[in-house]
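Reader: I should like to learn how the metal sites, strands and helices of a model are to be read. Please take the features one at a time.

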Amino acid sequence: MLPDRISSFINEHIETFTAELSQLLEIPSISTLSEHAPDVLRAAEWVFERLKKCGFTGKVYPTERHPIVLARSPEIPGAPVLLVYGHYDVQPPDPLDEWQTPPFSPDIRDGFIYARGASDDKGQFLTYIKAIESVLEVEGKLPINLIILGEGEEEIGSPSLETFLIAHHSELLADAVAISDGSQLAPGIPAITYGLRGLSYLQLDLKGPRFDLHSGMYGGILHNPAQVLADILQKLKNPDGTVAVPGFYDDVLPLEQWEREEMASAPFDIEALKNYVGVSELTGEPGYSVLERNSARPTLDINGLWGGFSGEGAKTIIPAKAGAKVSMRLVPNQVPGKIEELFTRFVTSLCPAGVSLSITGVHHAGPVLVKRNTPSMLAAERAIEAGFGKKPRFKREGGSIPVVNMIEKHLDQKNILLLGWGNPDDGVHSPNERLSLADFRRGILSAAALFYEMAASRR
Ligand code: BES
Ligand code: MN
Ligand code: MN
């Protein structure tokens, strides 16, 4: 049970906490843009400084790209160990002109804080640090042992993390892992996530003639890379929208009946979703509901494509090059490496002679399904009830968090608590990203409650 004096302290100090969140949100720690590397480092140091002030020991570890923070609370012998993961890197904020206020000048409007990273993941990650500070302020000591793992490369697919986890294996052993980098089921309906989709993200580059050619002089005698690209992309999906890559569905774990029932009865508003995204009609794999399609079924999407002339007016050419970025969201038990091989084999077979094709992997993340009835899961359930005043629902998320699969694999950790404090309409990766300040506060309360629930129930 979370002591009342701690919840009072959190409730009374939420304005100061919000001001500190603003400070972190001001740092434009965009991991994909190398000119922002110093900002990612600043965000890492900001996080580490706070932990140091709480008596944690550890370091900001440099990697080939962006630093990792690993810090540990003063040892309490015999108490459970909770590993908390979060990321302080963010996605690029463009298109800038769609932001009502600039992405790195946090603005508070109608109970929300608006900034890039507000929900994904600075605001959610910070709840744990604020919980730690609050407990220490009120009680002078923590009820459990905490390890904080902060990452600055999540949004670029966590390229350095796997090596880091292997190298620091013994420093990362814990009774459970908590990650808040997702969302509730809907505003006011907290949830624990028990599944995440994996990701295979690939780039296709097609090359035809040595340079752009006059389409009158050369049209009709050679393959046009843009046309070939369109032909290939067209063949990736069947007319019913399913993925046409041979073998793609072979390892897909079917949804269980109870999951289907749970999803069917979830308080999920399709009209609100259509409204939010601004489309009049949804579509997807036949035989599955919207919630099933966006969390428990695999997909293939074109994220972007290019080739030839797209400026004003007309330019009569056969482009020399064309390309596309294609992502596949994967579900248990699909394996990114295997899917990438199947994709590569299929796409290669579709490319005619006279055009050269190269396929490069950009991101890979394994899918996740965690056990639901572990003691740490029950502790998390009680903690959320304490923080949000409501029992959480269980849900699967369509997004990917590469670290989760790595933790399962390399730390042999089964107790993974995915506790999203955000909301599906926070606009993560979109303009005007935001976090509800009520959720920020409830997240801090829940994080603090989790420490106490874990202390009370040894695994
Ligand atoms: N926090 C998200 C993942 C997420 C989004 C989980 C929504 C639950 C709900 C994470 O920061 C993210 O964006 N992941 C990327 C992974 C990729 C860059 C390897 C994703 O899912 O596209
Ligand atoms: Mn995230
Ligand atoms: Mn993200």
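Reader: Is aspartate 181 to be read as buried or exposed?

Author: Buried means under 20% relative accessible area, exposed over 50%, and partly exposed in between, with a 1.4 Å probe and protein chains only. Aspartate 181 has 13% relative accessibility and therefore counts as buried. Histidine 87 is buried too, at a relative accessible area of 0%. This is a predicted model, in which local features need pLDDT of at least 70 and side-chain atom pairs count only at pLDDT 80 or more, while totals for chains, interfaces and linings use all residues. Residues are numbered from 1 along each chain as its sequence is written, chains are lettered from A and ligands numbered from 1 in the order in which they are written, and side-chain values use heavy atoms, with hydrogens and water left out.

Reader: Which protein donors does the manganese ion (ligand 2) have?

Author: Donors are N, O and S atoms within 2.8 Å of the metal (3.2 Å for Na, K and Ca); water is not among the atoms, so sites may look incomplete. For the manganese ion (ligand 2), the protein donors are His87 (NE2), Asp120 (OD) and, twice, Asp181 (OD), at 2.0 to 2.4 Å. Along the sequence, the donor residues follow the spacing H-x32-D-x60-D. Distant parts of the chain are thereby linked: histidine 87 belongs to strand S3 (residues 81-87), and aspartate 181 to the loop between strand S7 (176-179) and S8, 94 residues apart. Helices (H or I, at least four residues) and strands (E, at least two) are DSSP runs, numbered from the N terminus.

Reader: Why is the arrangement around the manganese ion (ligand 2) irregular?

Author: Four donors count as tetrahedral if all angles lie between 85 and 135 degrees; four count as square planar and six as octahedral if opposite donors are over 155 degrees apart and all others between 65 and 115; anything else is irregular. Here the six donor atoms subtend angles of 57 to 165°, which makes the arrangement irregular.

Reader: What bridges the manganese ion (ligand 2) and the manganese ion (ligand 3)?

Author: Aspartate 120 does, and the two ions lie 3.6 Å apart. The manganese ion (ligand 3) has as protein donors Asp120 (OD), Glu155 (OE) twice and His429 (NE2), 2.1 to 2.5 Å away. Its site is irregular as well, with angles of 55 to 157° among six donor atoms. Aspartate 120 and glutamate 155 are both buried.

Reader: How many bridges join S8 to strand S16?

Author: Two strands pair if DSSP finds at least two bridges between them. Five bridges join S8 to strand S16 (residues 393-397), and these strands run parallel; alanine 191 stands opposite arginine 393. With strand S15 (residues 368-369), S8 shares two bridges and runs antiparallel. Six of the six residues of S8 (residues 191-196) are buried, so this strand is largely enclosed by the rest of the structure.

Reader: Which residues does phenylalanine 394 touch?

Author: Contact means heavy atoms within 4.5 Å. Leaving aside residues up to four places away in sequence, phenylalanine 394 touches Ile192, Tyr194, Glu262, Arg372, Met377 and Glu381. Phenylalanine 394 lies in strand S16 and is buried, at a relative accessible area of 17%.

Reader: What span does helix H14 reach?

Author: The expected span of a helix is 1.5 Å times one less than its number of residues. Helix H14 (residues 437-456), with 20 residues, reaches 29 Å from its first C-alpha to its last, close to the 28 Å expected. Of those 20 residues 15 are buried, so H14 is largely enclosed by the rest of the structure.
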